Amino acid sequence: MKLLERWRQKGFAKLFERLGPDCVFDAEHLEIKGHVELGARCTLANNVLMRTHKRGKIVVGDDVSLGDHVMIASNDYVEIGANSRIEAYCVLRDMNHSFRGTDVHWRLTPHQADPIRVGENCFVGAHSYIMPGVTLG
C-alpha cells in the first residue's frame with residue numbers, strides 16, 4: 001500500500017465511533033458525521049456519505065460492502081446486517097418531513113423518523129431508496 005493510501009486509511013478510520021478490524025476504504029472521499037459504527041472487514045467505495053442528526057445512530061455489521069455514492073442519513077436508527085451489499089447510488093433515510101395536515105412549506109415541517117433495518121445477507125440494488133420504517137430480510 002502506498003504511503004498516501006495508508007495515510008488516507010488512517011484518516012478515514014478516525015471518523016467512526018467504532019471501527020472493526022480489516023476495513024477497506026476504497027475511496028478518495030468519504031463523509032462520516034455523527035454516531036457511525038462499522039463492523040469488521042467492511043468495504044466502502046468512493047463518495048459514501050453517512051450522517052446522523054440528533055440522537056441518530058448508524059450501525060453496520062461485519063463484511064458489509066457499500067458502493068459508490070451511497071447515502072445513509074439517520075435521525076433515529078439505521079442498521080445494516082452482516083454480509084449485506086448496498087449498491088451504488090442507494091439512499092437510506094430514516095426520516096422524512098411531515099406533510100399531512102399542514103399548509104406550511106415542506107422545508108418548515110418537522111421530521112418524522114422510523115428505524116430502518118437491513119437484515120443479514122441482503123442485497124440492495126443500485127439507485128434504490130429505502131424509506132423510514134422499512135425492514136428488509
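Is R18 buried, partly exposed or exposed? Select R18 and show its surface: R18 is partly exposed, at a relative accessible area of 41%. Keep in mind as you click around that this is a predicted model.

**Stop 1: from R18 to E37**

With R18 still selected, add E37. The two make a salt bridge, and the closest N and O atoms sit 3.5 Å apart. Colour by secondary structure and you'll see that this pair links distant parts of the chain: R18 belongs to strand β1 (residues 18-19) and E37 to strand β4 (residues 36-38), 19 residues apart. Now check the surface on the E37 side. E37 has 15% relative accessibility, so this residue counts as buried, the cut-off being under 20%. The bridge therefore joins a buried E37 to a partly exposed R18.

**Stop 2: the sheet**

Both of those strands lead into the next view. Show the cartoon and pick out β1, β4, β7, β10, β15 and β18: in that order they form an open sheet of 6 strands with parallel pairing. Which strands stand at the edges? They are β1 and β18 (135-136); each has a single partner strand, so one side of each has no neighbour in the sheet.

Move inward to β10 (residues 77-80) and β15 (residues 116-118). These two run parallel and are joined by 3 bridges. To line them up by eye, select V78 and look across: I116 in β15 stands opposite.

**Stop 3: D94, a buried charge**

Stay with V78 and I116, since both are among the contacts of D94. Select D94 itself, in the loop between β12 (91-93) and β13 (95-97). What is the nearest side chain of opposite charge to D94? Select R93: that side chain is 7.3 Å away, and D94 is buried without any salt bridge.

D94 does have a polar partner, though. Add S74 and draw the distance between the two side chains: a polar contact of 2.9 Å joins them. Then expand the selection around D94. Leaving aside neighbours within four places in sequence, its contacts include A73, N75, D76 and Y77, as well as Q112, A113, D114 and P132.

**Stop 4: R51 and its network**

S74 is a handy stepping stone, because R51 is in contact with S74 as well. Select R51, in strand β6 (residues 48-52). At 27% relative accessibility, R51 counts as partly exposed. Beyond neighbours within four places in sequence, R51 touches E31, K33, I58, I72, A73 and S74.

Pull E31 and K33 from that list and show them as sticks with R51: salt bridges link the three in a network. Zoom in on K33 and E31, whose side chains meet at 3.7 Å, N to O. K33 is partly exposed, with a relative accessible area of 47%.

For a sense of scale, draw a line from the C-alpha of R51 to the C-alpha of Q9. The two residues are 42 apart along the chain, and the line spans 19 Å.

**Stop 5: R41 and D63**

One more charged pair before the rings. How far apart are the closest N and O atoms of R41 and D63? Select both and check: they are 2.8 Å apart, in a salt bridge. Here too distant parts of the chain are linked, this time loop to loop: R41 lies between β4 and β5 (43-44), D63 between β7 (57-60) and β8 (65-66), and 22 residues separate them. Both ends are partly exposed, R41 with a relative accessible area of 40% and D63 with 30%. If you want to hunt down the others, the count for the structure comes to 7 salt bridges.

**Stop 6: three phenylalanines**

Last stop: hide the charged side chains and look for rings. The whole structure has 2 aromatic pairs. Select F12 and F25 for an edge-to-face pair, 5.8 Å centre to centre with 75° between the planes. F12 is in helix α1 (residues 3-13) and F25 in strand β2 (residues 24-25), 13 residues apart, so this is a link between distant parts of the chain. F12 counts as buried at 9% relative accessibility, and F25 does at 5%.

Now add F16. Its ring is stacked with that of F25, as the centres are 5.6 Å apart and the planes are at 10°. F16 is buried too, at 8% relative accessibility. Keep F12, F16 and F25 on screen together: the ring pairs link them into a cluster.

Key: Residues are numbered from 1 along each chain as its sequence is written. This is a predicted model: local features need pLDDT of at least 70, side-chain atom pairs count only at pLDDT 80 or more; totals for chains, interfaces and linings use all residues. Side-chain values use heavy atoms; hydrogens and water are left out. A salt bridge is a side-chain nitrogen of Lys or Arg within 4 Å of a carboxyl oxygen of Asp or Glu. Helices (H or I, at least four residues) and strands (E, at least two) are DSSP runs, numbered from the N terminus. Buried means under 20% relative accessible area, exposed over 50%, partly exposed in between (1.4 Å probe, protein chains only). Rings of Phe, Tyr and Trp (its six-membered ring) pair if their centres lie within 6.5 Å; planes under 30 degrees apart count as stacked, over 60 as edge-to-face and the rest as tilted. Two strands pair if DSSP finds at least two bridges between them. Contact means heavy atoms within 4.5 Å. Lys and Arg count as positive and Asp and Glu as negative; His and the chain ends are not counted. A polar contact is a pair of N or O atoms within 3.5 Å; within protein, one must be able to donate a hydrogen and the other to accept it, and residues adjacent in sequence count only if both atoms are side-chain atoms.
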